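Trainee: Could you take me through this model feature by feature, with the general idea behind each reading and then the case at hand?

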Amino acid sequence: MTHFCKYILICICTLLVFGCSANTTTVNVSQINWNNRLGVERTADDVAAFSRINSWWELLHSQELNSLIAQALANNETIQTGKEEFLSQMDLDTQAKSVLFPQVDTSLGILHKSCLKDPAVLAGTCSVQQHGEKSTTGYSGSLTIGYQVDLFGGTRAKIKAAELGMLISLEKWKSSLITVATNVTNNWLAMQLLLHQERIMLKQLRIAQNSEHLVELAYKAGGVDAHTLLNAKNQTADVREQINDLQSKKEAVDMQLRALIGKPESKIEYGQYNFDTQLIITAGIPASMLKQSPSIRMALAAVRIADQNVASAEAARFPQLGLTASVGGSSESLSKLVKPENLFWQLGTNLTMPLFDAGRRKAEVDRQRHLLQQQVHQYRNALFQTFSQVKINLNDLVIANKNLRSLLAKEKNIQAQLALKKLGYRSGSVQANDLLMEQNALYSIEMQILAKKQTRLTKQVAFYSVLANHWAQNYAKEIVADWESPMIDEKGND
């Protein structure tokens, strides 16, 4: 018996050593070089750039906007859903890692046995000595330890995939943080534009009403015909209709903002904002920061999950080793259960190896490799889309600035023309209606300038939102206290 135990222990140790050496091999993906990381190394330029884009909406210098975003981050249902999904993935990661440790189970049994007095009935149920006895009771207990040896890295590949799944849920949460903050900012800017336009439209309404009044006086004096009077009335009606449309748009944007901040029944008080403020695009921000975008990090984590799935499928083609050990006892009396003469122990090992499966396991390996290539292509596409979108935003920003400069020059020309017509009106060479029309043209160009400034800010917000990963990471860290996993440290290292 002693020699048999030694032989079993030697075999187990040999298999463990072989398994550890086998685990050092992993599936390599040569198509893409990620340097065994979920991101890139941060440089001093990166850190400096991060400090410039933390809470980027604060660069708009509006306490009203800051308050709205704070409420959205605390109450938005999409953000709360992402947070709970991430926390549940952390629990799944803990469950996955539990297989690395031995599983210990215990059991306690009680068996009550009754024997019939007549041995002719149900013969063989009781022993000869037990016939005539009314009943017997037995007790048993055991402690079992089982451990599945990870010889070829299949278990650790599954654990790594679970960790990467947790990272994907984290990036989804961070993406929802950035998206909500961006949507609140854009809707708030849209509301401010509508408020500015409404003020200008009210001025235009007064001009239209004054023009209508003058035409009506001229009509009564016989200076104009009825057609001219109807045109003046129609212009006033058109301005009123535009004001009504603006109010309808305001209600829609206000409803969206209240939904984003998680308070659909609340009332938001809007102040007046100066659209001359800009989110300056700082020169020298490294392009590597775009790789920290949640969409890119999610795509890269999906590639690595597919890589681990290939390793797991490969490991399933090799032998599996299981170890079990148990100790227990049985007795007719509970007090005698732990006495030496009633105790027993067992030690066992189980080695299984696939012999023939008609190519099922090999087909699974091939399938996982194809899925890996699919994720590699999706990762490249995510890189292309992110960099392309930033370039498009920057180009749109350049165009918006050019258009804005053209409108500002046009505004100066109209202002000069309006000043001349005012002089002409005072001298009697210009009709009042012509003066009012010139003033109305100035208001129209002012509305176009406001729209262009709002567009410029929206493009700048889009640029900063792509670089907002660092802020989202820090915010998530403040919310989740249990942040010990090396998968989600500051550098994004695994």
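**Reading a model by its features**

Mentor: Let us begin with one residue: threonine 386 is found in helix H8 (residues 360–427), where helices (H or I, at least four residues) and strands (E, at least two) are DSSP runs numbered from the N terminus. This is a predicted model, in which local features need pLDDT of at least 70 and side-chain atom pairs count only at pLDDT 80 or more, whereas totals for chains, interfaces and linings use all residues. Residues are numbered from 1 along each chain as its sequence is written, and side-chain values use heavy atoms, with hydrogens and water left out.

Trainee: Is threonine 386 buried or exposed, and with which residues is threonine 386 in contact, leaving aside its neighbours within four places in sequence?

Mentor: Buried means under 20% relative accessible area, exposed over 50%, and partly exposed in between, with a 1.4 Å probe and protein chains only. Threonine 386 has a relative accessible area of 10% and is therefore buried. Contact means heavy atoms within 4.5 Å, and, apart from neighbours within four places in sequence, threonine 386 is in contact with Leu290, Ser293, Ser295, Ile296 and Val466.

Trainee: How many helices and strands does the protein chain have, and what pattern does the chain follow along the sequence?

Mentor: The secondary structure comes to 10 helices and 4 strands, and read along the sequence the pattern is α-α-α-α-β-β-α-α-α-β-β-α-α-α. Of the 494 residues in the protein chain, 40% are buried. Among contacts with a separation of 6 or more, 84% are between residues 24 or more positions apart.

Trainee: How should I read a nonpolar core, and which residues have the most contacts inside the largest nonpolar core?

Mentor: A nonpolar core is a set of buried Ala, Val, Leu, Ile, Met, Phe, Trp, Tyr and Cys residues joined through side-chain atoms within 4.5 Å. The largest one has 63 residues, and those with the most contacts inside it are Trp56, Leu65, Ile69, Val184 and Leu189. Helices H3 (63–75), H4 (77–97), H5 (154–220), H6 (226–260), H7 (294–315) and H9 (432–466) each supply at least two residues of this core, and H5 gives the most, with 23 residues. A second, separate core of 11 residues includes Ile296, Val310, Leu372 and Leu383. To return to one residue of the largest core, isoleucine 69 is in contact with Trp57, Ala181, Val184 and Thr185, again leaving aside its neighbours within four places in sequence.

Trainee: What can be said about the span of H7, and how many of its residues are buried?

Mentor: The expected span of a helix is 1.5 Å times one less than its number of residues. For the 22 residues of H7 the expected span is 32 Å, and the end C-alpha atoms are 31 Å apart, which agrees. Because 19 of the 22 residues of H7 are buried, this helix is largely enclosed by the rest of the structure.

Trainee: How many salt bridges does the count come to, and which residues are linked in a network of salt bridges?

Mentor: A salt bridge is a side-chain nitrogen of Lys or Arg within 4 Å of a carboxyl oxygen of Asp or Glu, and by this rule the count comes to 17. Asp93, Lys97, Lys160 and Glu163 are linked in a network. Within helix H4, lysine 97 and aspartate 93 lie 4 residues apart, about one turn of the helix, and their side chains meet in a salt bridge at 3.3 Å, N to O. Lysine 97 is partly exposed at 25% relative accessibility, whereas aspartate 93 is buried at 5%. The side chain of lysine 97 also meets that of glutamate 163 in a salt bridge, at 3.1 Å, N to O. Lysine 97 lies in helix H4 and glutamate 163 in helix H5, so this pair ties together parts that are 66 residues apart in sequence.

Trainee: Where does histidine 61 lie, and what is the value of its phi?

Mentor: Histidine 61 is in the loop between helix H2 (44–53) and H3, and its phi is near 55 degrees, a positive value in a residue other than glycine. With 64% relative accessibility, histidine 61 counts as exposed.
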